[in-house]
Protein chains: 2
Amino acid sequence: MRAALDAAATAAAAGEVPVGAVVMLDGKIVATAANAPRALNDPTAHAEILAIRAAAQALGRDRLDDCDLWVTLEPCAMCAGAIAHARIARLYYGAEDAKGGAVAHGPRFFGQPTCHHRPEIYSGIGEEEAGALLKGFFAGRR
Amino acid sequence: MRAALDAAATAAAAGEVPVGAVVMLDGKIVATAANAPRALNDPTAHAEILAIRAAAQALGRDRLDDCDLWVTLEPCAMCAGAIAHARIARLYYGAEDAKGGAVAHGPRFFGQPTCHHRPEIYSGIGEEEAGALLKGFFAGRR
């Protein structure tokens, strides 16, 4: 989660909503990404999507069923869907996102009958620092 | 929808689940894409995601609020989320997807309070041909 929090701080410095994600395999980092939809002109460029795509590229396959995803914020519907498609084994996330989250809020995607893969889920990891980064970012933009 | 159906047929020929998508602006095609997670080693490479990313790149911005998306199959949660993030104005889709769809099935994402943008939605366009492509593809793999 340390690497994901550092990536989130990088996103904030670049003027992007501070969220960071890391894909790990056998205790080693396969990919790290910071949220970057504006910099990349890509509305799908959330940290989770970028980290999953980079990990799949690095491993040369489209299923990451032996990998874990660490992310500083509760994933949205787009990212929860991507996590299911990638068959991520374990999801660790930091701050809750009552406004846009899709794991513990809104569609609660992994509990839907149309969700074909549910990772093990661990929440609240590093949530204080992850939340402080987000609060600081939005306070600075008001 | 003709171009989206043709892209779906291309996906089938490449051994991918046959789904195609097109982004249009002012009646002109900005991007066309075929479903390609296997060929690209990218679990996020659904036709909608690829078309949205290509359109955003072509237009040099991360919001497509003046664009429409045409897709041969009801979008999943990942793609519905991406459609909302991209601020797509109108969504036209073909066949229903009771197993994995997230518009008229499962999370019904655009009706969730955590969904921050809902496009106009038109379904059933070209659904017979879109459904036949999918049925033929899965029948051939049994």
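User: What should be kept in mind about UniProt positions before the active site is discussed?

Analyst: UniProt positions appear here in the numbering used for this structure, and feature names are shortened. The structure itself is a predicted model. As for the annotations, they may be inferred rather than shown by experiment.

User: Which residue of chain A does UniProt list for "active site", and in which helix is its place?

Analyst: The listing comes from an unreviewed UniProt entry, and the residue named there is Glu48(A). Glu48(A) has its place within residues 47-59 of chain A, which form helix 2.

User: Is Glu48(A) buried or exposed?

Analyst: A residue is called buried when its relative accessible area is under 20%. The relative accessibility of Glu48(A) is 4%, so this residue counts as buried.

User: Which residues does Glu48(A) touch, not counting residues up to four places away in sequence?

Analyst: Contact here means heavy atoms within 4.5 Å. With residues up to four places away in sequence not counted, Glu48(A) touches Val19(A), Ala21(A), Leu69(A), Val71(A), Leu73(A), Pro75(A), Cys76(A) and Cys79(A).

User: In what order do the strands of the open sheet in chain B lie, and which strands stand at its edges?

Analyst: The sheet of chain B is open, has mixed pairing and holds 5 strands in the order 2-1-3-4-5. A strand with a single partner has one side left without a neighbour in the sheet, and so the edges are strand 2 (28-34) and strand 5 (120-123) of chain B. From one strand to the next, the twist averages 15 degrees.

User: How many bridges join strand 3 to strand 4 of chain B?

Analyst: Strand 3 covers residues 67-73 of chain B and strand 4 covers residues 90-95, and the two run parallel. Within this pair, Leu73(B) stands opposite Ala95(B). The number of bridges joining strand 3 to strand 4 is 5.

User: Which strands of chain B does helix 3 touch?

Analyst: Helix 3 (residues 47-59) of chain B packs on the sheet, and its direction makes about 140 degrees with that of strand 2. The strands touched by helix 3 are strand 1 (20-25), strand 2 and strand 3 of chain B.

User: What relation links chain B to chain A?

Analyst: A turn of 180 degrees with a shift of 0.0 Å along the axis lays chain B on chain A, with an RMSD of 0.0 Å. This is therefore the relation of a two-fold axis.

User: Which C-alpha of chain B is nearest the axis?

Analyst: The distance from the axis to this C-alpha is 1.8 Å, and the residue is Met78(B). The same surface serves both copies, as 100% of the contact residues of chain B recur in chain A. The residue asked for is thus Met78(B).

Notes:
Residues numbered from 1 in each chain as written. Chains lettered and ligands numbered in written order. Predicted model: local features only at pLDDT ≥ 70, side-chain atom pairs only at ≥ 80, totals over all residues. Heavy atoms only, no water. Pairing = 2+ DSSP bridges. Helix = DSSP H or I, 4+ residues; strand = E, 2+ residues; numbered from the N terminus. Axes fitted to C-alpha atoms, helices over the stretch in contact; angles between N-to-C directions. Least-squares fit on C-alpha atoms with pLDDT ≥ 70 in both. Buried < 20%, exposed > 50% of the residue type's maximum accessible area, 1.4 Å probe, protein only.
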